[in-house]
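I opened a fresh page today and went through this structure one topic at a time. Here are my entries, in the order I looked things up.

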Amino acid sequence: MKILSIESSCDETAAAIVEDGRNVLSSVVVSQVEEHKLYGGVVPEIASRRHAEAITEVVNETLEQASLTLNSLDAVAVTYAPGLIGALLVGVNFAKGLSYATGLPLIPVHHLRSHIAANYITNPELKPPFLCLVVSGGHSHIVAVEDYTKMKIIGKTRDDAAGEVFDKVARTMGMPYPGGINLDKVAENGDENAYVLPHPKVADAPYDFSFSGLKTAAINIIHNASQKGEQVNVENLSASFRKAVVDCLIDDFLKAAQDFGYKTLVIAGGVSANSLLRRRLEEECSNQGYTLYKPELKLCGDNGAMVGAQAYYEYLSGNTANLDLNAAATMSIEKG
Ligand code: KG4
Ligand code: ZN
């Protein structure tokens, strides 16, 4: 089954054609990052407009790359939630137009479910059940993936998402948007024990995260130094901050794995590209007897291929939409 999938939830306009959920026939991602960089973060209004300009060409190129026409497709899929509402609506309306014109079924896909599904492309042997750490710019969840379309949130952040705090601390240190990837690179040359930072825990919720206090502690170090006319050591603070975030993520994730009896662990979302998170989890999993799956780096961030992967399983479970499909800025991964 060949699915044309569309993604426009944030600042990437993307499309792909994926066969049977695992085989990527073509994939095109157009990033708006250079423009949002000027403002230090994503400007929703600009994001929507750029999606509107780019989407037709992105879909055309996706068809061309696969040497396919609309006639040879079996369904159209689209990210409908969660995300920036104006940005999502561009993809949703384009997909509805395609479905209307061709008569192909329309498959609505939850953005975080698709991040998890990126792993089905990279790791063809991976099948549920497994426990997944989903860490992106907007979410930090520990999710029990009981089946392809049956998920349960075991833990989540009470305040900021992991990607969000990486971006904010990086920005305060003067790094360009998106800061997470830059901070990760700079941290490779720093001493992770140079700065002492808190490792916040949420009382009575052992699988929940709280990153805002940690973010504030790092930002205070930067501001205090600048008030005294001093500079922080950017490499050391990046390394110390990255270690603190990764410690919090791994502690809760491994505790959840042990308590709920999962042996197969998976990471997903933009922050799953973080080099320390990947290295540390590989070590811990091999020491403790877990099997770890990660998406390849190019599938960690937003892309259309992951939407096509999840869409296949949504379709098999009977999840298709009518032409009154709407986008939603928030939506639980459990509801899909
Ligand atoms: O999943 P994603 O592409 O978009 C959302 O759904 O939010 O995630 C983007 C987030 C950004 O906050 C970005 O800074 C972060 O992922 N990110 C990283 C790394 N690469 C991307 N954070 C830490 N280390 C990285 N290497
Ligand atoms: Zn994402």
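**Entry: the sheet.** I started with an open sheet of 5 strands, in a model that is predicted. I read the strand order as 8-7-6-9-10, and the pairing is mixed. Next I looked for the edges, and they are strand 8 (150–156) and strand 10 (291–293), each of which pairs on one side only. From one strand to the next I noted a twist that averages 25°.

I then looked at how strand 10 is held. Strand 9 (residues 264–268) runs parallel to strand 10, and 3 bridges join the two. I marked one facing position here: Val-266 stands opposite Tyr-293 in strand 10.

**Entry: the zinc ion.** Which residues coordinate the zinc ion (ligand 2)? I found His-111 and His-115, each through NE2, together with Asp-302 through OD, at 2.0 to 2.1 Å. I wrote the sequence spacing of these donors as H-x3-H-x186-D. I liked the reach of the pair His-115 and Asp-302, which links distant parts of the chain 187 residues apart. His-115 sits in helix 4 (residues 111–122), while Asp-302 belongs to the loop between strand 10 and helix 10 (305–316). Are His-115 and Asp-302 buried or exposed? I have both down as buried.

**Entry: ligand 1.** I counted the surroundings of ligand 1 and got 18 residues, with His-115, Gly-137, Asp-167, Asp-184 and Asn-274 as the closest. His-115 turns up again here, since I had already listed it as a zinc donor. A side-chain N or O atom of His-115 is 2.9 Å from an oxygen atom of ligand 1. I also checked two backbone contacts. A polar backbone atom of Gly-137 is 2.8 Å from an oxygen atom of ligand 1, and for a backbone N or O atom of Gly-270 I noted 3.0 Å to an oxygen atom of the ligand.

**Entry: salt bridges.** How many salt bridges does a search of the whole structure find? My tally is 20, and I followed up a few of them.

I took Arg-50 and Glu-35 to begin with, whose side chains meet in a salt bridge at 2.6 Å, N to O. Arg-50 lies in helix 2 (residues 44–65) and Glu-35 in helix 1 (residues 33–37), so this pair ties together parts 15 residues apart in sequence. Arg-50 is partly exposed, with a relative accessible area of 26%, and Glu-35 is partly exposed too, at 25%.

Then I turned to Arg-49 and Glu-45, which meet at 2.7 Å, N to O. Both lie in helix 2, 4 residues apart, which is about one turn of the helix. I have Glu-45 as partly exposed, at 46% relative accessibility.

My last pair was Arg-279 with Glu-188, a salt bridge of 3.2 Å, N to O. This pair links distant parts of the chain, 91 residues apart: Arg-279 is in helix 9 (residues 275–288), and Glu-188 is in the loop between helix 6 (179–187) and helix 7 (212–227). Why do I call Arg-279 partly exposed? Because its relative accessibility is 36%, and the partly exposed class runs between under 20% for buried and over 50% for exposed. Glu-188, at 39%, counts as partly exposed as well.

I followed this pair outward and found a network of salt bridges linking Asp-184, Glu-188, Arg-242 and Arg-279. I put a star beside Asp-184, as it is also among the closest residues to ligand 1.

Notes: Residues are numbered from 1 along each chain as its sequence is written. Chains are lettered from A and ligands numbered from 1 in the order in which they are written. This is a predicted model: local features need pLDDT of at least 70, side-chain atom pairs count only at pLDDT 80 or more; totals for chains, interfaces and linings use all residues. Side-chain values use heavy atoms; hydrogens and water are left out. Two strands pair if DSSP finds at least two bridges between them. Axes are lines fitted to C-alpha atoms, for helices over the stretch in contact, and angles run from 0 to 180 degrees between N-to-C directions. Donors are N, O and S atoms within 2.8 Å of the metal (3.2 Å for Na, K and Ca); water is not among the atoms, so sites may look incomplete. Buried means under 20% relative accessible area, exposed over 50%, partly exposed in between (1.4 Å probe, protein chains only). A salt bridge is a side-chain nitrogen of Lys or Arg within 4 Å of a carboxyl oxygen of Asp or Glu. A residue is near a molecule or strand if one of its heavy atoms lies within 4 Å of it. A polar contact is a pair of N or O atoms within 3.5 Å; within protein, one must be able to donate a hydrogen and the other to accept it, and residues adjacent in sequence count only if both atoms are side-chain atoms.
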